[in-house]
Amino acid sequence: MPRSPNPKASPLDDPHKAAHAWARFRALMWGMGVVTLVTILGVWGYLWSQFGLVSIHLYIATFLGIGLTMMLMGALMGLVFLSSGTGHDESIDDPLDDKTW
């Protein structure tokens, strides 16, 4: 079956819906930033109580490792929620949709 020349329109093509979706994404990222910061502070507190000031590099590496990992996870999951929640996923042209395989 040949592909259709005109793909379905994405709901994100509407500027009002796109602005609302990206505002939700930014709010999710701010929330994830707060959760990440609280987690880092908790881990720093644990490290301080167990080992004291071992090396400043341990605390910097902990900040970067936990911070980057959690923020990357939040960004990727946020994009999944944005794509699914706006109906953007349904607007793709799926060549396997005819169930002939």
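Student: Which residue just after α2 takes a positive phi?
Tutor: That's Gly87, with a phi of about 90 degrees. Keep in mind that this is a predicted model. α1 is also followed by a residue of this kind: Gly52, whose phi is positive, near 75 degrees.

Student: How many helices and strands does the protein chain have?
Tutor: Two helices and zero strands. Helix α1 covers residues 15-51, and helix α2 covers residues 56-86.

Student: How do you know what α1 should span, and what is the distance between its end C-alpha atoms?
Tutor: You take 1.5 Å times one less than the number of residues. For the 37 residues of α1 that gives 54 Å, and the end C-alpha atoms are 52 Å apart, so the two values agree.

Student: And what about α2, with its 31 residues?
Tutor: The expected value there is 45 Å, and α2 reaches 44 Å from its first C-alpha to its last, which is close.

Student: Why is Thr62 called buried?
Tutor: Buried means under 20% relative accessible area. Thr62 has 12%, so Thr62 counts as buried.

Student: What does the side chain of Thr62 reach?
Tutor: The backbone oxygen of Leu58, at 2.7 Å. The cut-off for a polar contact is 3.5 Å, and 2.7 Å fits within that. Leaving aside neighbours within four places in sequence, Thr62 is also in contact with Val43, Trp44, Leu47 and Gly67.

Student: Which other residues of α2 are buried, and what covers them?
Tutor: Besides Thr62, the list has Tyr59, Gly67, Met70, Gly74, Gly78, Leu82 and Ser83. What covers the buried residues of α2 includes α1. Turn it around and what covers the buried residues of α1 includes α2. Among those buried in α1 are Ala18, Met29, Ile40 and Leu47.

Student: What places Arg24 between buried and exposed?
Tutor: Exposed takes over 50% and buried takes under 20%. Arg24 comes in at 45%, so Arg24 is partly exposed. Arg24 sits in α1, and its C-alpha is 8.0 Å from that of Leu82, 58 residues apart along the chain.

Student: Why is the pair of Trp22 and Phe25 called edge-to-face?
Tutor: Let's start with how many pairs there are: the structure holds three aromatic pairs. For Trp22 and Phe25, the ring centres are 5.5 Å apart and the planes are at 85 degrees, so the pair is edge-to-face. The cut-offs are centres within 6.5 Å to pair, and planes over 60 degrees for edge-to-face.

Student: Why do you need two values for that?
Tutor: Because a pair of aromatic rings is described by both the distance of the centres and the angle of the planes.

Student: Where do Trp22 and Phe25 lie?
Tutor: Both are in helix α1, three residues apart, about one turn of the helix. Phe25 has 15% relative accessible area, so Phe25 is buried. Trp22 has 35%, so Trp22 is partly exposed.

Student: Which residues do ring pairs link into a cluster?
Tutor: Trp44, Tyr59 and Phe63. Two of those names should ring a bell: Tyr59 is buried in α2, and Trp44 is in contact with Thr62.

Student: How much of the protein chain counts as buried?
Tutor: 20% of its 101 residues. The accessible surface comes to about 7700 Å², and 71% of that belongs to carbon and sulfur atoms.

Terms used:
Residues numbered from 1 in each chain as written. Predicted model: local features only at pLDDT ≥ 70, side-chain atom pairs only at ≥ 80, totals over all residues. Heavy atoms only, no water. Helix = DSSP H or I, 4+ residues; strand = E, 2+ residues; numbered from the N terminus. Buried < 20%, exposed > 50% of the residue type's maximum accessible area, 1.4 Å probe, protein only. Polar contact = N/O pair within 3.5 Å; in protein donor to acceptor, adjacent residues only side chain to side chain. Contact = heavy atoms within 4.5 Å. Phe/Tyr/Trp six-rings, centres within 6.5 Å; stacked < 30°, edge-to-face > 60°. Areas by Shrake-Rupley, 256 points an atom, 1.4 Å probe, with all protein chains shown as cover.
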